[in-house]
Amino acid sequence: MRRGFLAAREDLVKKLSELVASRHQKLFGVVNEILEQALRVYGFGKSLSEVVDEYEALMVGRKAGYVLVAQGLLYPLVEGAYLRQGNKLEKAWYEHGVWLGSYLSARFGAEDLEKLEKVMNVLLWEASEFKLTKNGDKVTLRCIGSTIPPSYTSLLASFLEGVMNAYGLTAVRKDVSRGVVILDLARQEGEALEGGQA
Amino acid sequence: MGKRKKDIRFVPVQVDLLERIIEISKREGKPVSALIHEALEESIRVYEMKGSLREMVAEYELLKTLRETGAVIVPSSILYYSTEKLYRLDQRALLEKWYAAGQWYGRYLQAKFRGDDVIEVLRRFLSTCAWNITDLAVSNRDGEVEFQCIAPNLSMQNTELFSKYLEGIMDALGYELVRNDTIRGLVLMGFKRRERRGRLAQEPP
């Protein structure tokens, strides 16, 4: 095995050396493993930072009590329950949205809509698009997923409204149709929005 | 502000890895130093968050595979609410659906991980992707596979659905159920490899 040298920022090498030493590992082996994994991730067509961000969001979901289930099981199940108890389910989804929004805003900061967008993009991976666009005091939420059935879309809309309420934003206009949720949101009185584009 | 020369340190690495990083930097149009610094920064983040970059990437890969199968991430409370409501109304149909979904998933695993130890792949999937299981043990000896899954938040109905799903997976992998001591929040199941009649008939006595 031929050895070469890479030039790296001293602060990073120092920090890594400390972590490596605390685990009784060797810097040479650990740096090689880091490069190997970075190369593996490039093979997925992503950068390491994208993968770490996504993984972090998935672990947020896991800690928040989320589970993974096959679409083929979930959608008919929700459809069946929705036909029988639509209002109750919408309320439950809304309440869960408020809970998750409160959890995320406590964890990442109530003003950090960019982080919220990143986390929701991962947790709603069945959607092809989840976007938050700021325009002054207003925010537009767009969530699109062509495979999402009507009943699940309605519940998702309630859930997303709950999440945004926890961030101090109220829906002033809703556009919900199969696979599409668009919410125009305005800041609740007494709340100020900072920053520009999410 | 740029880093001065003295703020740079040289770290020994395998040359072949460095060469592959250089290839990617050319392909992506990014400086080698930017790729290396990103890799080091992110791995420090992972070390602080998870402990091992290798484990994190392996878990991420499994979750990505599950996404490809059409899995959805859903709040457990919402899922369980719906299943419990419907379980009371149509238990049999629901159990059949879970079993069929398990069979599909078992076939998928077999096709995707052809040549691998598929029981080990299933164990990794369950420990990475079955977020409701807090403790998992799988033993595989002489064609007999035992599962012990602890999921304290599962109701009796959801425990039964999960065990049916697992039974479906194992059926597709060529195993039959020989023991099921499942109780609420605890799945204890034993499977035995089915004899392949066609092959046995051809084998010499």
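This report describes the pockets, the cavity and two helix contacts of a predicted model with chains A and B.

## Pockets

The largest pocket has a volume of about 560 Å³. It is lined by 30 residues, and those closest to its centre are A:Leu68, A:Val69, A:Ala70, A:Leu73 and B:Tyr165. Both chains take part in this lining: chain A supplies at least two residues from each of β2 (66–70) and α4 (71–108), and chain B does likewise from each of α4 (76–112), α5 (118–129) and α6 (156–172). The element that gives the most is α4(B), with six residues. In terms of residue class, the lining of the largest pocket holds 24 nonpolar and six polar residues, with no charged residues.

The second largest pocket encloses about 380 Å³ of space. Its lining is formed by 16 residues, and A:Lys46, A:Glu54, A:Lys118, A:Asn121 and A:Val122 lie nearest its centre. Two or more lining residues come from each of α3 (48–63) and α5 (113–123) of chain A and α3 (53–68) of chain B. Helix α5(A) provides the largest share of the lining of the second largest pocket, namely five residues. Nine residues of this lining are charged, six are nonpolar and one is polar.

## Cavity

A search of the whole structure for cavities of 30 Å³ or more finds one. The volume of the largest cavity is about 60 Å³. From chain A, the residues that line the largest cavity are A:Tyr66, A:Trp93, A:Met120, A:Leu123, A:Leu124, A:Glu126, A:Tyr152, A:Leu156 and A:Phe159, while chain B contributes B:Ile73, B:Val74 and B:Pro75. The elements that each supply at least two residues of this lining are α5 and α6 (150–166) of chain A and β2 (71–75) of chain B. By class, eleven residues of the cavity lining are nonpolar, one is charged and none is polar.

The following table sets out the volumes and lining classes.

| Space | Volume | Nonpolar residues | Polar residues | Charged residues |
|---|---|---|---|---|
| Largest pocket | about 560 Å³ | 24 | six | no charged residues |
| Second largest pocket | about 380 Å³ | six | one | nine |
| Largest cavity | about 60 Å³ | eleven | no polar residues | one |

## Helix contacts

Two packed helices are described by the angle between their axes and the distance between the axes.

Within chain B, the axes of α4(B) and α5(B) come within 10 Å and cross at roughly 120°. The two helices α4(B) and α5(B) are therefore oblique to each other. The crossing in which α4(B) passes α5(B) is right-handed. On the side of α4(B), the contact is made by B:Tyr105, B:Leu109 and B:Gln110, and on the side of α5(B) by B:Val118, B:Val121, B:Leu122 and B:Phe125. Six residues of this contact are nonpolar and one is polar, with no charged residues.

Between the chains, helix α1 (residues 10–22) of chain A packs with helix α2 (residues 32–49) of chain B at an angle of about 35°, and their axes are 10 Å apart. The crossing of α1(A) and α2(B) is left-handed. Helix α1(A) makes the contact through A:Leu12, A:Lys15, A:Leu16 and A:Leu19, and α2(B) through B:His37, B:Leu40, B:Glu41, B:Ile44, B:Tyr47 and B:Glu48. The residues of the contact of α1(A) with α2(B) comprise six nonpolar, three charged and one polar.

Note on methods. Residues numbered from 1 in each chain as written. Chains lettered and ligands numbered in written order. Predicted model: local features only at pLDDT ≥ 70, side-chain atom pairs only at ≥ 80, totals over all residues. Heavy atoms only, no water. 1 Å grid on protein atoms, 1.4 Å probe; cavity = no way out; pocket = protein on both sides within 12 Å on 5 of 7 lines; lining within 4 Å. Points joined across faces, edges and corners; volume = space filled by probe spheres on them. Helix = DSSP H or I, 4+ residues; strand = E, 2+ residues; numbered from the N terminus. Nonpolar A, V, L, I, M, F, W, Y, C, P; charged D, E, K, R; others polar. Axes fitted to C-alpha atoms, helices over the stretch in contact; angles between N-to-C directions. Parallel < 35°, antiparallel > 145°, perpendicular 65-115°, else oblique. Left-handed = near helix turned anticlockwise from the far one by under 90°. Contact = heavy atoms within 4.5 Å.
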